[in-house]
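Work through the exercises below with the sequence and the coordinates at hand. A worked solution follows each task.

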Amino acid sequence: MKLAFIIDAIAQLDPTHDTSVAIMESACSLGHEVWIGQMHHLSVIGGQAWGRLQPVQVHKVELVNGKWQAQSAWYATQPARMISLAEMDAVWIRPDPPVTTEYLYATYILDYAHTRVVNSPQGIRNANEKMYALQFTQAIPETIVSADKQVLKDFVAEKGNVVLKPLGGKGGEGILFLQPSDRNLNSLIEISTNFGKTPVMAQIYLPEAQAGDKRIILLNGEAIGAINRIPGKGEFRGNMAAGGSVAAIEITQREQEICAQLAPVLQKDGLIFVGIDVIGGFLTEVNVTSPTGIREADRLATDPNHRRLGDRVINWLAQG
Ligand SMILES: Nc1ncnc2c1ncn2[C@@H]1O[C@H](COP(=O)(O)OP(=O)(O)O)[C@@H](O)[C@H]1O
Ligand SMILES: [Mg+2]
């Protein structure tokens, strides 16, 4: 296969942590051709999406004493050239969120790729990572979305412990723990909603979050791996980016049922590679832009026959 990855600057990526690198590495090691570029390297010419892309070779990381180790020169690029995305067997779009205007425009350009895009540009536009979970009413904790201060305050007053989330955030950014007695309650709501203009999510606080926020990685709706993220001392957020520690974890029956509910909807929306967050058996987030977790899941896998998840993803794509 010929694969294009639209990513952030490759020099900024961490080969021992970033899922995009893991997938590119698998593609290279399985003998596929990998091209990379950034969002601003995309164009539409003659009704077709093109990219000024560089062929890249990504070298394998190796597990040494339970830690991934990368060569210092872990990738090698060749000069960029204009190439039609229609030549690709698939195009991955994986810049880090948030979904900015540039990100949105990149999805519009990729509508003209005339090949498979992972995840589907329409699907990404359709699926706000916080709001998308709301449709799975059986799976989510009690949740509201509002910019209205009184609505938010009433929810906090009624529920006691509440988590407030900006709709465009990631990695724990802007996530707040609210209580009715918090002397900053009004101010926190004002700042988060941009003084009543921007809606935010408010969700009941799940005490099980102390034991971890589970990331389950889904390929075409099927759970292929999971990791647990446990909040660090003095922190309620489990995100790796917020200092959470990572541990191996099984997928429960209830979580398999949640995945089964999501699968047909994800497939309909072309959301092929997704990471869901589950706390205490409740779905809290559906990450579709650039979900991570593969390196950690591979590092913690105990099954001696475990294959790198990137290999599974690439082999799935290769089967068409
Ligand atoms: N309902 C909740 N109850 C308790 N903790 C939560 C809840 N929702 C989120 N958290 C904590 O906040 C972190 C970030 O929340 P999440 O909704 O996954 O947003 P993001 O990862 O995009 O910042 C989670 O890892 C979890 O530790
Ligand atoms: Mg999350």
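**Exercise 1.** Leaving aside its neighbours within four places in sequence, which residues is T284 in contact with? Place T284 in its element and classify it as buried or exposed.

Solution. The model is a predicted one.
Step 1: T284 belongs to strand β19, which covers residues 282-287.
Step 2: the cut-off for a contact is heavy atoms within 4.5 Å. Without the neighbours within four places in sequence, the contacts of T284 are P141, K165, Q203, L206, D277, V278 and I279.
Step 3: the relative accessibility of T284 is 4%, so T284 counts as buried. The limit for this class is under 20%.

**Exercise 2.** Determine which residues come nearest to ligand 1, then list polar distances to its oxygen atoms.

Solution.
Step 1: there are 21 residues around ligand 1, and K165, G172, D213, N239 and E285 come nearest.
Step 2: a side-chain N or O atom of D213 is 2.4 Å from an oxygen atom of ligand 1. For N239, the distance from a side-chain N or O atom to an oxygen atom of the ligand is 2.7 Å. D277, listed above as a contact of T284, has a polar side-chain atom 3.0 Å from an oxygen atom of ligand 1.
Step 3: on its own, ligand 1 has 540 Å² of accessible area, and the protein covers 99% of it.

**Exercise 3.** Classify C28 and C259 as buried or exposed, and state how many disulfides a search of the whole structure finds.

Solution.
Step 1: C28 has 9% relative accessibility and therefore counts as buried.
Step 2: C259 is at 2%, so C259 counts as buried.
Step 3: a disulfide requires a pair of cysteine sulfur atoms within 2.5 Å. The search of the whole structure returns zero disulfides.

Technical notes: Residues are numbered from 1 along each chain as its sequence is written. Chains are lettered from A and ligands numbered from 1 in the order in which they are written. This is a predicted model: local features need pLDDT of at least 70, side-chain atom pairs count only at pLDDT 80 or more; totals for chains, interfaces and linings use all residues. Side-chain values use heavy atoms; hydrogens and water are left out. Buried means under 20% relative accessible area, exposed over 50%, partly exposed in between (1.4 Å probe, protein chains only). Helices (H or I, at least four residues) and strands (E, at least two) are DSSP runs, numbered from the N terminus. A residue is near a molecule or strand if one of its heavy atoms lies within 4 Å of it. A polar contact is a pair of N or O atoms within 3.5 Å; within protein, one must be able to donate a hydrogen and the other to accept it, and residues adjacent in sequence count only if both atoms are side-chain atoms. Accessible areas come from the Shrake-Rupley method with a 1.4 Å probe; for residues, only the protein chains shown count as cover.
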